Amino acid sequence: ERLAARGVAFKFGVPCARLDPQLPTVIATGAPAAARLLAIDAPEVAAALARVQMLPLATATVFFRPSLDDTHGFGVLFPRESGMDALGVLFNTDIFPGRATCRSETWIYGSTRTTADVVFLSRDRVLADRERVTSRRDEPLDVVMTSWPEAVPCYDTAITHAEPALARLPAT
């Protein structure tokens, strides 16, 4: 609202094939989409961004009846060496008090390979991970699964090569 009051325009759900180089613009997309938008006006930056590999993520938000034995806090990150399939879990009802009357957890799964790799997520996989953490097998009230084929950038040398290229973006 504050930005709109200062004359900033927002457009949502409108396809954009090219940016207007005369308008100051913030690009809030992943690297592949940013590369396509910058291809004509900033080809060097576009080429650097196109090399950034995006990795897929999948989440399962699982709802349970609350238990006195529930783990509480923000969540947990699991190192690969832990033997967990999940990358981590967020304890939504602890992070956002009053959000739900039941226990809500979001389990996060990913791949260290390319977007061509699909994160296969199943209810059993999530419940098996949860059982490793809680030492019990609770029946969920509901499970909502979501996947993003290009969720996060792979932090490899392509990122370090893209950063200097960003400094060469056109001034306008």
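Start by selecting Asn92: leaving out residues up to four places away in sequence, Asn92 touches Thr61, Ser104, Glu105 and Thr106 (contact means heavy atoms within 4.5 Å). Asn92 sits in helix α4, residues 92-95. Helices here are DSSP runs of H or I with at least four residues, strands are runs of E with at least two, and both are numbered from the N terminus. Buried or exposed, at 6% relative accessibility? Asn92 counts as buried; the cut-offs are under 20% relative accessible area for buried, over 50% for exposed and partly exposed in between, with a 1.4 Å probe and protein chains only.

Before you click on, some ground rules. This is a predicted model, where local features need pLDDT of at least 70 and side-chain atom pairs count only at pLDDT 80 or more, while totals for chains, interfaces and linings use all residues. Residues are numbered from 1 along each chain as its sequence is written, and side-chain values use heavy atoms, with hydrogens and water left out.

**Stop two: the sheet**

Now show the strands. Five of them form an open sheet in the order β2-β3-β4-β1-β5, with antiparallel pairing (two strands pair if DSSP finds at least two bridges between them). Which strands are at the edges? Look for β2 (75-77) and β5, each of which pairs on one side only. On average, neighbouring strands in this sheet are turned by 20° against each other, direction ignored. Angles run from 0 to 180 degrees between N-to-C directions, and axes are lines fitted to C-alpha atoms, for helices over the stretch in contact.

Zoom in on the β2 end. Strand β3 (residues 88-91) runs antiparallel to β2, and three bridges join the two. Pick Leu77 and you'll find Gly88 of β3 standing opposite. If you want to draw the links, strands of a sheet pair through backbone hydrogen bonds, either parallel or antiparallel.

**Stop three: Phe63**

Next, select Phe63, which is in strand β1. At 22% relative accessibility, Phe63 counts as partly exposed. Expand the selection to its contacts, leaving aside neighbours within four places in sequence: you should pick up Cys102, Arg103, Ser104, Pro140, Leu141, Asp142 and Val144. Try a distance too: the C-alpha atoms of Phe63 and Ala100 are separated by 9.2 Å, with the two residues 37 apart along the chain.

**Stop four: Val126 and helix α5**

Jump to Val126 in helix α5 (residues 123-134). Val126 is buried, with a relative accessible area of 1%. What does Val126 touch, not counting residues up to four places away in sequence? The list is Ala60, Val62, Trp107, Tyr109 and Leu121. For another distance, go C-alpha to C-alpha from Val126 to Ala58: 11 Å in space, across 68 residues in sequence.

While you're here, select Ser135, in the loop between α5 and β5. Check its backbone: Ser135 has a positive phi of about 65° although it is not a glycine. Ser135 is exposed, with a relative accessible area of 66%.

**Stop five: α2 against α3**

Colour helix α2 (residues 31-38) and helix α3 (residues 43-50): they pack at an angle of about 160°, with their axes 8 Å apart. That makes α2 and α3 roughly antiparallel to each other (over 145 degrees; under 35 is roughly parallel, 65 to 115 roughly perpendicular and the rest oblique). From α2, the contact uses Ala31, Ala34, Ala35 and Leu38, and from α3 it uses Pro43, Val45, Ala46, Leu49 and Ala50. By class, that is nine nonpolar residues, no polar and no charged. Ala, Val, Leu, Ile, Met, Phe, Trp, Tyr, Cys and Pro count as nonpolar, Asp, Glu, Lys and Arg as charged, and the others, Gly among them, as polar.

Stay on α2 for a moment. Six of its eight residues are buried, so α2 is largely enclosed by the rest of the structure. The buried residues of α2 pack against α3, β1 (54-64) and β5 (142-153).

**Last stop: α3 against α6**

Finally, add helix α6 (residues 157-166), whose axis comes within 8 Å of that of α3 and crosses it at roughly 160°. The contact is made by Glu44, Val45, Ala48 and Leu49 of α3 with His161, Ala162, Ala165 and Leu166 of α6. Sorted by class, the residues are six nonpolar, one polar and one charged.
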